[in-house]
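Here are some exercises to work through with the model open beside you. Try each task yourself before you read its solution.

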Amino acid sequence: MSKQQTIVILGGGTAGWMTANLLHLQLAKHGFKVLVIESPEIGIIGVGEGSTPQLKVFFDLLGITEQQWMPQCDATYKYGIRFNAWTEHKEAPNTYFHPFPASTDGHSAKAFLGATHYLRSGQPAAPHPDRYFLATYLATANKTPKLKNPSTALPAVSYGYHFDSYKLGAYLKRHGEDQGIETMSATIASAQAEHGNILSLTTTDNTTITADWFFDCSGFNSILLQKTLHVPFESFADHLYNDSAIATPTPCQGQELGQTEATALSAGWAWRIPLQSRIGNGYVFSSHYKSFAEAETEFCEHLGLDPNTASFRRIKMRVGQVAQHWSGNCVGVGLAQGFIEPLEATALHLVQETVTQFIGAFTAGNFTTRHQNQFNEVIKQRFLGVKDYITGHYVLNQRTDSRYWEDCRSTVKPTPSLNKIMACWASNGDLQQLLQEQGLAAYYPSISWYCLLSGYHTYQDSHLAQWQNDNTTVQEVARFLHEQCALFA
Ligand SMILES: Cc1cc2nc3c(=O)[nH]c(=O)nc-3n(C[C@H](O)[C@H](O)[C@H](O)COP(=O)(O)OP(=O)(O)OC[C@H]3O[C@@H](n4cnc5c(N)ncnc54)[C@H](O)[C@@H]3O)c2cc1C
C-alpha cells in the first residue's frame, strides 16, 4: 500500500482507546495513521471495572507489563465471579464461583464433570463448582497468580482484572499518544454519508474531518453506525430484561479476595468489585419492575448505606447488537456496536475480539472490504453465543421472592441453542460433545456451562436430595488443589 490512509476513531472511552492502540500496533506499519476524537463535554460512561483473561492478552500484545499498568489503574487480580443468592435451596449451597479455568484443572475438572453425571442420574455426589477449580482456591486464599518459586514446573493459572475504568482509559490514552496516535478534543455535531460510506464529520465549531476509515466508538450514542448509516439495532430485551443500573463506590475493608460478586436482589443483581483503593458497587435492574428511586432504597439496605447521604450514578442501558458491525467504511466497537448487560463482564472482551477479527479480515482482504460479510457473521454469532450464556443465568434462577425472578424463569423464551443445552443436561447427555458439535464451545467453554447448570442446582428434586458433601473424590480433589494453591504467593 503506497498512499497513507487515515483511520478516525470517534470516541475516547475504553473501547476507543483499546481500538486505537490495537489498530496502531497492527496497521501503522502498513501506512495507516490513527486519529482519536473525544468530547470533553460528553465524557465517557465510566463504569465497567471487570475483565475476562482476554485483557491480559491485550496488554501482552502491547508489551505493557502488569507492573506498569496495574498500580496506575487501581487494578486487582480477578479469578472469576461469585454468584450469590440466585437459588434458594436447603440441600446445597446458594452460592457458587464461576472460575477462569487453569491448565492445572484437567484432573479436578474431570472429577467435577463426573460428579454432575452421577447426580443427574440420581446417584449421590457433590458437584459444587467451588470444590473443583484452582482459581476458586486462589481467590478464597487471597493469593496472587504468581508462583512463590517461579521455577516450579506448574502450568499457569488464568486470570482477569478489576480496574478503575477512568484510569484505564487515561492510561491507554497516554500509551497511545506515546506511540504516535493523534488526539483531537472536539464534539461532533453531524456526520456526512454517501452510498453507505461515511465521508466526513463536522464538529460543533464547524471543523470538517475526513478519513478513509471510521470506527464508531461513541458509546450508546452510536453516532456513525446507527444514527448516520442507519444500521438497524437488534434488541435483546426479550431475553435480557435489565435496562438500568446505579453505581456507587464504598471504602475498602482490608485486603480483598480476587473475585467479582454478583448478588441477586429483588429486580436484578448487585456487583461488588474490589479495587486497590475502593470497592465498586452497582445494581443492574429492570425498570419494568423497579424505579431508580426504589432501586436506590433497596441498594442502600443491601450495602448498609444511609439513604439520606448516599449518592448514586444513574445509567440507562441498551441491550442488543447492531445488524452489521462493519458497514461501508465504518466499524462499530464497544457500546456503539452493542451491549449484553454486564453480568459476566464480557464487553471489553468483545471489543478486543471485534478489533482483532477486523484486523484479520482487513489485512487478509488487502485492506478492502472483501471479508466484511464473514467478519460480520463471526461477530454477530459471538454476541449471540455470549447472550445465550447470560440468558441461562436468568432462566435457571430459582428465586421465588419477586415477580421479576418468576418472570425471568417463566416468560423468557430460551433460544433454540439454549434449549438444546438445557435438554441435553436434563437427559444426562454429553454436554461437552453437544457444545462442540454445535460450535457453541467457542463462545463459552463447556466447563462454564457445567458450572452454571450445576451452580444453580439444575437437578430433579429427588436427585438433589442425593447431594452429598463429603465423598472421597471431593476430599482427594480438595487435597490436590490445596497443595497447588500453596505454591502461589
Ligand atoms: C452498568 C454497566 C456495567 C458495566 N460493567 C462492565 C464490566 O464489568 N466489564 C466490561 O468489560 N464492561 C462493562 N461494561 C461496559 C463498559 O462500560 C464499556 O464497554 C466500556 O466502558 C467501553 O465503553 P465505550 O468506550 O464504548 O463508551 P463510552 O465510555 O461511553 O465512550 C464514548 C466516547 O465517545 C465520545 N462521544 C460520544 N458522542 C460524541 C460526540 N458527539 N462527539 C465526540 N465524541 C463523542 C465520548 O466523549 C466518549 O469519549 C458495563 C457497562 C454498564 C452500562
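**Exercise 1: a histidine in a loop**

Leaving aside neighbours within four places in sequence, H128 is in contact with P93, T95, Y96, F112, H457 and W467. This is a predicted model, so please read every distance below as a computed value.

Task: Find where H128 sits, decide whether H128 is buried or exposed, and look for a polar partner of its side chain.

Solution.
- Step 1. Locate the residue: H128 belongs to the loop that runs between α4 (106-120) and α5 (134-140).
- Step 2. Check accessibility: the relative value for H128 is 3%. Buried means under 20%, so H128 counts as buried.
- Step 3. Follow the side chain of H128: it reaches the backbone oxygen of T95 at 2.7 Å. T95 is also one of the contacts listed at the start.

**Exercise 2: an annotated lysine**

Task: Which annotations does UniProt give for K78, and what surrounds this residue?

Solution.
- Step 1. Start with the record: the unreviewed UniProt entry places a "binding site" feature at K78. An "active site" annotation from UniProt, also unreviewed, covers K78.
- Step 2. Place the residue: K78 is in strand β3, which spans residues 76-78.
- Step 3. Judge its exposure: K78 has 1% relative accessibility and therefore counts as buried.
- Step 4. List the surroundings: beyond four places in sequence, K78 touches G50, S51, F100, Y159, G160, Y161, H162, G258, T260 and A345.
- Step 5. Pick out a polar pair: a polar atom of the K78 side chain lies 3.1 Å from the backbone oxygen of S51.

**Exercise 3: a glutamate and its tyrosine**

Task: Where is E66 found, and which side chain does its own side chain join in a polar contact?

Solution.
- Step 1. E66 is found in helix α3, residues 66-69.
- Step 2. With a relative accessible area of 11%, E66 is buried.
- Step 3. The side chains of E66 and Y159 are joined by a polar contact of 2.6 Å.
- Step 4. Not counting residues up to four places away, E66 touches K56, P71, Y77, K146, Y159 and Y161. Y159 and Y161 are also among the residues that K78 touches.

**Exercise 4: two helices packing**

Task: How do α1 and α2 pack, and at what angle?

Solution.
- Step 1. Helix α1 (residues 14-27) and helix α2 (residues 54-62) have axes 11 Å apart and an angle of about 45° between them.
- Step 2. That angle makes α1 oblique to α2.
- Step 3. The crossing of α1 and α2 is left-handed.
- Step 4. On the α1 side the contact is made by M18, N21, L22, L25 and Q26, and on the α2 side by L55, F58, L61 and L62.

**Exercise 5: a phenylalanine**

Task: Where does F480 lie, and which residues does F480 touch beyond four places in sequence?

Solution.
- Step 1. F480 lies in helix α16, residues 472-486.
- Step 2. Its relative accessible area is 25%, so F480 is partly exposed.
- Step 3. Beyond four places in sequence, F480 touches T104 and H107.
- Step 4. For scale, F480 and H30 are 450 residues apart in sequence and 50 Å apart in space, C-alpha to C-alpha.

Terms used:
Residues numbered from 1 in each chain as written. Predicted model: local features only at pLDDT ≥ 70, side-chain atom pairs only at ≥ 80, totals over all residues. Heavy atoms only, no water. Helix = DSSP H or I, 4+ residues; strand = E, 2+ residues; numbered from the N terminus. Buried < 20%, exposed > 50% of the residue type's maximum accessible area, 1.4 Å probe, protein only. Contact = heavy atoms within 4.5 Å. UniProt positions renumbered as here; feature names shortened; annotations may be inferred. Polar contact = N/O pair within 3.5 Å; in protein donor to acceptor, adjacent residues only side chain to side chain. Axes fitted to C-alpha atoms, helices over the stretch in contact; angles between N-to-C directions. Parallel < 35°, antiparallel > 145°, perpendicular 65-115°, else oblique. Left-handed = near helix turned anticlockwise from the far one by under 90°.
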